[in-house]
Amino acid sequence: GTYNPSKFQTSDSACNPCPQGQYCAQSGLTTYEGACAEGFYCTGSALIDRPYNSSYGGGEGPAGYYCVSGSSEATPCDDGSYTSTAGSSSCLPCPESNYCVNHAATPTTCPLGYYCPEGTGSDYIPCTKGTFSNRSIADQDDCFSCTAGMYCPNAGMTAPESACRAG
């Protein structure tokens with residue numbers, strides 16, 4: 001993938017490598033042909049707009065990453081988002097009752113005692129004092145009220161702590 005915008009050049013060393021994020025598929029170009037396709041990245045001297053591997057000057061964005069048109073490298077999904085497929089052009093919000101961190105390729109089930117609204121990263125939220133949860137949930141309203149005759153003194157509990165004392 002090269003091009004040469006200048007006239008009267010005497011050797012191929014005068015040709016410029018196609019810039020990062022662009023591709024140069026044909027010979028005799030005076031400028032690069034265009035931007036690398038969505039879902040792919042072009043590292044420089046790319047030969048095609050969808051380089052499936054480094055021998056073509058780039059690659060397909062892996063799961064957990066995305067590539068917009070003209071990408072020079074794959075961009076990791078932010079916390080709170082994911083993509084499970086290679087070649088994605090964007091990331092999806094993490095679904096409710098799950099959290100997504102570290103350029104997630106798959107959502108992780110929300111920990112018991114916590115709730116995870118849509119788009120949760122590492123910021124999952126504990127059920128408040130007086131409540132508990134023994135399942136993966138999406139909202140504070142899904143936390144169970146502490147059972148009658150029992151108490152729940154801490155946030156993030158998965159079951160009531162103990163029965164109230166007699167007397």
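In this predicted model, D49 has a relative accessibility of 24% and is classed as partly exposed, because that value falls between the 20% limit for buried residues and the 50% limit for exposed ones. D49 is the partner of R50 in a salt bridge, and the closest N and O atoms of the pair are 3.0 Å apart. R50 is likewise placed in the partly exposed class, at 39% relative accessibility. Side chains of opposite charge can pair when their charged atoms come close. The count of salt bridges in the model comes to 1.

Two residues of the loop between β5 and β6 were examined for exposure or backbone geometry. L47 is located in this loop, which runs between β5 (40-42) and β6 (58-60). Together with I48 and Y56, L47 makes up a nonpolar surface patch of about 230 Å². The relative accessibility of L47 is 34%, so the residue counts as partly exposed; this value also meets the requirement of over 30% for membership of a patch. S45 belongs to the loop between β5 and β6 as well. Although S45 is not a glycine, its phi is positive, at about 60°. S45 is partly exposed, with 30% relative accessibility.

A positive phi is also found at H103, where the angle is about 45° and the residue is again not a glycine. Most residues other than glycine have a negative phi. H103 is part of the loop that links β11 (98-99) to β12 (108-109), and its relative accessible area of 35% makes it partly exposed.

In the loop between β9 (81-82) and β10 (92-93), S88 takes part in two polar contacts at the side-chain level. One of these joins the side chains of S88 and T83 at 2.6 Å. In the other, a polar atom of the S88 side chain lies 3.0 Å from the backbone oxygen of T85. S88 has a relative accessible area of 8% and is therefore buried, since the limit for that class is under 20%.

The loop between β13 and β14 holds both a buried and an exposed residue. T120, situated in this loop, is buried at 5% relative accessibility. A polar atom of the T120 side chain is 2.5 Å from the backbone oxygen of P117. E118 is found in the loop too, between β13 (114-115) and β14 (125-126). In contrast to T120, E118 is exposed, because its relative accessibility of 58% is over the 50% limit. E118 contributes to a patch of negative charge on the surface, where it gathers with E96, D139 and D141.

F144 lies in strand β16, which consists of residues 144-145. The relative accessible area of F144 is 32%, and the residue is accordingly partly exposed. Although F144 and T131 are separated by 13 residues in sequence, their C-alpha atoms are 5.3 Å apart in space.

Key: Residues numbered from 1 in each chain as written. Predicted model: local features only at pLDDT ≥ 70, side-chain atom pairs only at ≥ 80, totals over all residues. Heavy atoms only, no water. Patch = residues over 30% accessible without salt bridge, like charges linked within 9 Å, V, L, I, M, F, W, Y side chains within 5 Å. Areas by Shrake-Rupley, 256 points an atom, 1.4 Å probe, with all protein chains shown as cover. Salt bridge = Lys/Arg side-chain N within 4 Å of Asp/Glu carboxyl O. Lys, Arg positive; Asp, Glu negative; His and termini not counted. Charge placed at Lys NZ, Arg CZ, Asp CG, Glu CD. Helix = DSSP H or I, 4+ residues; strand = E, 2+ residues; numbered from the N terminus. Buried < 20%, exposed > 50% of the residue type's maximum accessible area, 1.4 Å probe, protein only. Polar contact = N/O pair within 3.5 Å; in protein donor to acceptor, adjacent residues only side chain to side chain.
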